[in-house]
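Colleague: I am new to reading protein models. Could you take me through one, feature by feature?

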Amino acid sequence: MKNTGKVIGVNGNMVTVSVTGQVSMNEVAYILTGGKRLKCEVIRIQGDNVQVQVFEMTKGVGIGDEVEFTEDLLAVELGPGLLGQVFDGLQNPLPELAEEAGFFLERGIYLDALPRDKEWEFTPVANTGAQVSAGEVLGTVPEQNFVHKIMVPFNLLGTYTVKSIAEKGNYKITDKVVVLTDEKGNSHDVTLVFQWPVKRAIKCYSERLKPVEPLVTKMRLIDTFLPVAKGGTFCVPGPFGAGKTVLQQAMSKNAEVDIVIVAACGERAGEVVETLKEFPELLDPKTGRSLMERTIIICNTSSMPVASREASVYTAVTLAEYYRQMGLDVLLLADSTSRWAQAMREMSGRLEEIPGEEAFPAYLESSIAGFYERAGIVALKSGEKGSVTIGGTVSPAGGNFEEPVTQATLKVVGAFHGLSRERSDARKYPAIHPLDSWSKYTGSINPVQTGYAYDMLRRSYEIGSMMKVVGEEGTSTDDFITYLKGEFLDAVYYQQNSFDPVDASVTPERQSYLFGQIMEVLTAELDLDTKDEARSWFNKVRQTFLDYNGTQWESDEFKALDKEIGTLIADKKIGILHGSEKVMEK
Amino acid sequence: MTKVYSKIESIAGNVISVYADGIKYGELAEVSTSFGKSLAEVIKLDEGLVSLQVFAGGRGISTGDEVRFLGHPMRVSFSDNLMGRIFDGSGVPRDNGPELSENLIEIGGPSFNPAKRIIPRNMIRTGIPMIDVFNSLVESQKLPIFSVSGEPYNQLLARIAMQAEVDIIILGGIGLKYDDYLFFKDTLEEGGALSRTIMFMHTASDPVVESLMVPDISLAVAEKFALKGKKVLVLLTDMTNFADAMKEIAITQEQVPSNRGYPGDLYSQLASRYEKAVDIEGAGSITILGVTTMPGDDVTHPVPDNTGYITEGQYYLKGGRIEPFGSLSRLKQQVNDKTREDHRALMDGMIKLYAQYKDSLEKKSMGFHMSSWDEKLLKYGEAFESGMMDLTVNIPLERALDLGWEILSDSFAPEETGLKSSLLEKFWPVKETV
């Protein structure tokens with residue numbers, strides 16, 4: 001007999017319930033009101049009074065309404081059929097919900113996350129009698145382009161013996177495929193699906209490794225100068241209108257990973273819908289199949305209930321960890337973690353907790369750290385590797401990076417891609433500020449060369465700001481050339497046109513080739529005597545490089561422009577800048 | 001089933017509380033005082049103690065006044081009879097028309113399922129070049145007008161109400177000055193737009209709580225019309241007043257304040273209103289334009305800041321004009337490639353030159369020498385400001401594009417504009433030589 005209770009207080013989406021018997025923190029309960037069952041989660045226990053946060057609007061809830069407790073923590077279903085789906089923060093499949101409930105998100109309707117009637121072709125891997133533990137592979141089913149592994153459920157602790165395993169054939173997700181016996185001889189049935197509480201990290205691996213392998217995003221600025229590693233973390237803070245969402249969309253399309261999970265926690269529905277409608281149409285360059293097949297979208301828009309928004313990032317990261325356990329590389333993009341933090345702040349305010357900085361709860365930092373720490377590259381029990389990379393956007397009030405969410409995030413991420421209003425106003429995209437941003441990971445291009453280029457850009461900025469005071473006349477021609485070199489690097493390498501079909505995604509091979517060309521210009525001692533001459537030469541070179549960036553790799557047009565660039569440089573190059581010789585050594 | 005209670009336990013600001021049984025969260029009650037009746041809404045339940053927000057405010061309420069619970073949440077009558085009518089924040093007529101009570105609908109309903117949304121695709125023409133040409137308004141878009149107090153934002157809204165190509169205008173006034181209310185009423189009446197307009201007007205002297213209902217009532221009505229296939233434009237002024245009213249009430253209720261005293265759920269509250277903007281497959285649409293006045297012209301103030309993260313761009317009103325630089329319509333790319341082939345190029349080209357004009361203007365003010373190029377830019381900038389940026393200009397998009405070319409050709413040679421040669425050949429005006 002499960003526990004029940006009665007509503008004794010309502011304040012926004014916080015409801016107080018009087019209950020006798022045992023209740024656990026974060027247990028899921030349902031409030032029965034007006035013929036509906038509203039899902040909620042226990043967030044505080046004080047004697048016989050329990051406070052729950054309701055994942056729905058609480059209009060109509062009254063004193064005395066009955067509450068059913070489930071004994072389960074807030075959990076997601078893990079099993080084949082997750083890929084290509086669009087869920088809300090509680091793992092309700094939104095398209096199916098629309099079929100069931102129509103245009104609006106009616107309260108109290110919860111659907112199975114995974115289709116119950118679909119059959120999957122199961123191939124056993126484990127043998128009868130084998131000793132297995134949580135996370136080890138029992139069998140496989142094909143899912144989209146992947147071999148989906150059916151594993152010993154992560155919540156089974158200890159060692160088990162495979163008592164029986166189903167033969168190859170078609171099964172529904174709730175069909176029993178394996179029976180395990182524990183050390184005491186009790187049997188446990190295993191189906192293709194099991195549940196996992198979202199707020200607990202999945203740790204069925206043998207070792208967590210250091211993220212060193214670069215994750216290719218096909219964005220020059222990131223891959224070359226501000227790299228992200230597989231299993232690493234990064235954040236993208238920026239004021240509204242600086243291009244956070246466009247950047248994330250570009251990454252979700254182009255990043256070289258197996259699976260992308262996009263978590264919209266409190267963003268504009270109009271922007272989410274673009275992803276929803278666009279992804280099924282786009283092809284994954286790697287597989288030639290719809291991009292949606294390797295994508296899961298968790299979609300909690302800004303108008304969905306706050307508690308559900310708070311849950312959404314946990315739902316997303318749990319799904320990511322599940323696929324990591326199969327030896328896959330997963331990229332999780334959360335847009336925006338500030339909205340998630342705001343949801344926490346809202347709940348904390350309702351609980352009347354003593355507020356911390358800017359009214360965020362005192363546990364803001366540990367919650368943020370806890371979320372990002374769920375990223376990582378791990379060695380599985382099978383010896384294979386799998387990774388979860390987490391990238392979160394941050395929307396700081398007024399674009400001020402000093403605020404608590406940005407600061408707490410910066411402490412725990414490995415790379416910082418800060419967007420600047422100044423760059424987005426000047427239409428310099430991506431608007432990641434090259435000098436303010438940093439990365440602790442190593443990219444694929446020689447760091448001595450990238451360091452050289454970076455220094456040149458920094459010098460160019462300095463000269464640029466000096467020129468604003470003393471004018472062009474007060475600057476030496478040498479300095480002016482350094483300034484133009486920095487501008488050139490910014491225009492043709494840092495900036496990238498995400499609307500141009502070719503320039504939008506650049507392979508590492510092409511990046512490395514182009515970077516070599518850029519270095520030729522940056523390290524060259526040039527025969528340019530006057531500023532006018534210098535400006536006009538750089539204009540020409542820049543224009544040629546821009547055309548070049550838009551041409552198909554190794555096409556005839558590309559080769560022609562390549563030659564033209566060679567001639568342009570040879571025309572004015574009289575040597576190598578003093579001190580640059582070492583940088584250019586192979 | 002009505003229950004009447006005649007002992008009010010506490011009165012704090014606009015919030016009263018009574019002990020009552022069987023009350024639902026969000027339910028309405030009617031409070032009868034010696035000054036008349038007012039609606040009140042249940043905002044908190046704590047065992048038997050029910051807290052209510054009284055729409056007409058707490059002033060003059062006595063502990064012995066009667067509270068009668070109505071057993072339903074806030075509703076509004078919905079029918080075609082609403083057209084041309086003016087109501088207050090709680091749905092009571094402000095004009096001399098009859099009270100409407102048929103077909104009551106609940107306000108503040110659930111959100112639209114994102115999976116059912118369609119990508120916005122239709123432009124709403126307003127006849128205002130700074131909108132149509134440079135930051136097209138798109139059906140289903142949610143946009144604030146960021147403005148400093150003193151700017152003619154209500155004039156702009158009224159102009160849009162009269163000129164926008166939509167079926168129905170719903171105008172929600174929040175904390176409006178009485179003069180502004182009359183301005184809207186007279187302007188729309190004289191302009192002949194009243195018959196397609198519904199107004200929910202809360203003025204500054206009305207009780208503050210009533211203002212909180214205005215966006216919800218306006219949007220609930222809009223939603224019903226949209227589901228019936230109508231293109232609805234909802235104009236809200238001023239959303240900063242709405243946020244300030246929330247702040248006032250939250251503080252009276254001793255809620256833990258968040259940023260600058262605003263309640264912790266400011267973002268959620270604003271979002272749940274703005275997110276009602278939608279284009280419905282096979283039916284109509286809701287487009288929302290809301291004025292957000294920025295205290296001290298500070299875009300980092302919590303209200304404009306949170307708004308900016310929810311909405312799809314903004315119109316930045318400054319010096320009586322829509323600023324080309326701060327303004328942004330995120331959705332314009334969805335529509336401005338289908339209007340005329342020169343639209344996008346002209347839009348970008350004119351703004352780039354206008355930016356250069358600003359530089360020349362700065363140089364001039366610092367007393368630097370003006371080159372012949374500077375002179376051209378100055379001529380161009382002035383023509384641009386008077387011809388295009390003046391908010392009283394009312395011309396169709398195509399005429400505005402033609403005008404753009406005329407302004408360019410009056411100041412520059414074709415090759416000085418940075419526009420593609422193919423467009424120049426086609427659109428550059430041919431001048432008769434004298």
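Modeller: We will go through the contact between two chains, then some record entries, then local details. Keep in mind that this is a predicted model.

Colleague: Let us begin with the contact. How many residues does each chain give to it?

Modeller: Chain A brings 60 residues and chain B brings 56 residues. Together the two chains bury about 4,800 Å². Carbon and sulfur atoms account for 56% of that area.

Colleague: What about charges across the contact? How many salt bridges are there between chain A and chain B?

Modeller: Start with the general idea. Side chains of opposite charge can pair when their charged atoms come close. Here, chain A and chain B have 3 salt bridges between them. Look at B:E106 and A:K59: their side chains form a salt bridge, at 3.9 Å from N to O. The cut-off is 4 Å, so this pair counts.

Colleague: And how many residue pairs are in polar contact there?

Modeller: Between chain A and chain B there are 26 such pairs, with both residues at pLDDT 80 or more.

Colleague: Which elements of chain A supply at least two residues each to the side that touches chain B?

Modeller: There are strands and helices among them. The strands are β1 (4-11), β22 (259-267) and β23 (295-301). The helices are α1 (94-101), α4 (269-278), α5 (306-324) and α6 (337-350). Helix α4(A) gives the most to this side, with 7 residues.

Colleague: How do the residues of that side divide by type?

Modeller: On the side of chain A that touches chain B, 24 are nonpolar, 19 are polar and 17 are charged.

Colleague: In which sense do β1(A) and β5 of chain B pair?

Modeller: Strand β1(A) pairs with β5 (residues 36-46) of chain B in the antiparallel sense. The pairing runs over 2 bridges. To find the place, look for A:V10, which stands opposite B:L45 in β5(B).

Colleague: Now the record. What does UniProt list for chain A?

Modeller: Treat such entries as pointers, then check the model. In an unreviewed entry, UniProt gives "domain: ATPase F1/V1/A1 complex alpha/beta subunit N-terminal" at residues 7-70 of chain A. In the model, that span is 0% helix and 62% strand. Its end C-alpha atoms are 16 Å apart. The unreviewed entry also has "domain: ATPsynthase alpha/beta subunit barrel-sandwich" at residues 112-199 of chain A. That stretch is 0% helix and 55% strand, with its end C-alpha atoms 20 Å apart.

Colleague: And which feature does UniProt place at residues 127-318 of chain B?

Modeller: The unreviewed entry names it "domain: ATPase F1/V1/A1 complex alpha/beta subunit nucleotide-binding". In the model, residues 127-318 of chain B are 41% helix and 25% strand. For residues 335-427 of chain B, UniProt lists "domain: ATP synthase A/B type C-terminal", again in an unreviewed entry. This last span is 68% helix and 0% strand.

Colleague: Next, the backbone. How do I spot something unusual there?

Modeller: Begin with what to expect. Most residues other than glycine have a negative phi, and most peptide bonds are trans. Now for the cases here. The peptide bond from A:D335 to A:S336 is cis, with omega near 0 degrees. A:S336 sits in the loop between β24 (329-335) and α6 of chain A. The bond from A:Y429 to A:P430 is cis, with omega near -10 degrees. A:P430 falls in the loop between α9 (421-425) and β28 (438-439) of chain A.

Colleague: What is the phi of A:E71?

Modeller: A:E71 has a positive phi of about 70 degrees, although it is not a glycine. This residue belongs to strand β6 (residues 66-73) of chain A.

Colleague: Back to charges. How many salt bridges are there over all chains?

Modeller: The count is 48. One of them joins A:R37 and A:E68, with the closest N and O atoms 3.2 Å apart. The pair links distant parts of the chain, 31 residues apart: A:R37 is in strand β4 (residues 36-46) and A:E68 is in strand β6.

Colleague: One last residue. Where does B:H72 lie, and in which strand?

Modeller: B:H72 is in β7 (residues 66-73) of chain B. Leaving out residues up to four places away in sequence, B:H72 touches B:E27 and B:L28. The side chains of B:H72 and B:R75 share a polar contact of 3.2 Å. The C-alpha atoms of B:H72 and B:K24 are 8.3 Å apart, although 48 residues separate them along the chain.

Conventions:
Residues numbered from 1 in each chain as written. Chains lettered and ligands numbered in written order. Heavy atoms only, no water. Contact = heavy atoms within 4.5 Å. Buried area = accessible area lost by both parts, 1.4 Å probe. Polar contact = N/O pair within 3.5 Å; in protein donor to acceptor, adjacent residues only side chain to side chain. Helix = DSSP H or I, 4+ residues; strand = E, 2+ residues; numbered from the N terminus. Nonpolar A, V, L, I, M, F, W, Y, C, P; charged D, E, K, R; others polar. Pairing = 2+ DSSP bridges. UniProt positions renumbered as here; feature names shortened; annotations may be inferred.
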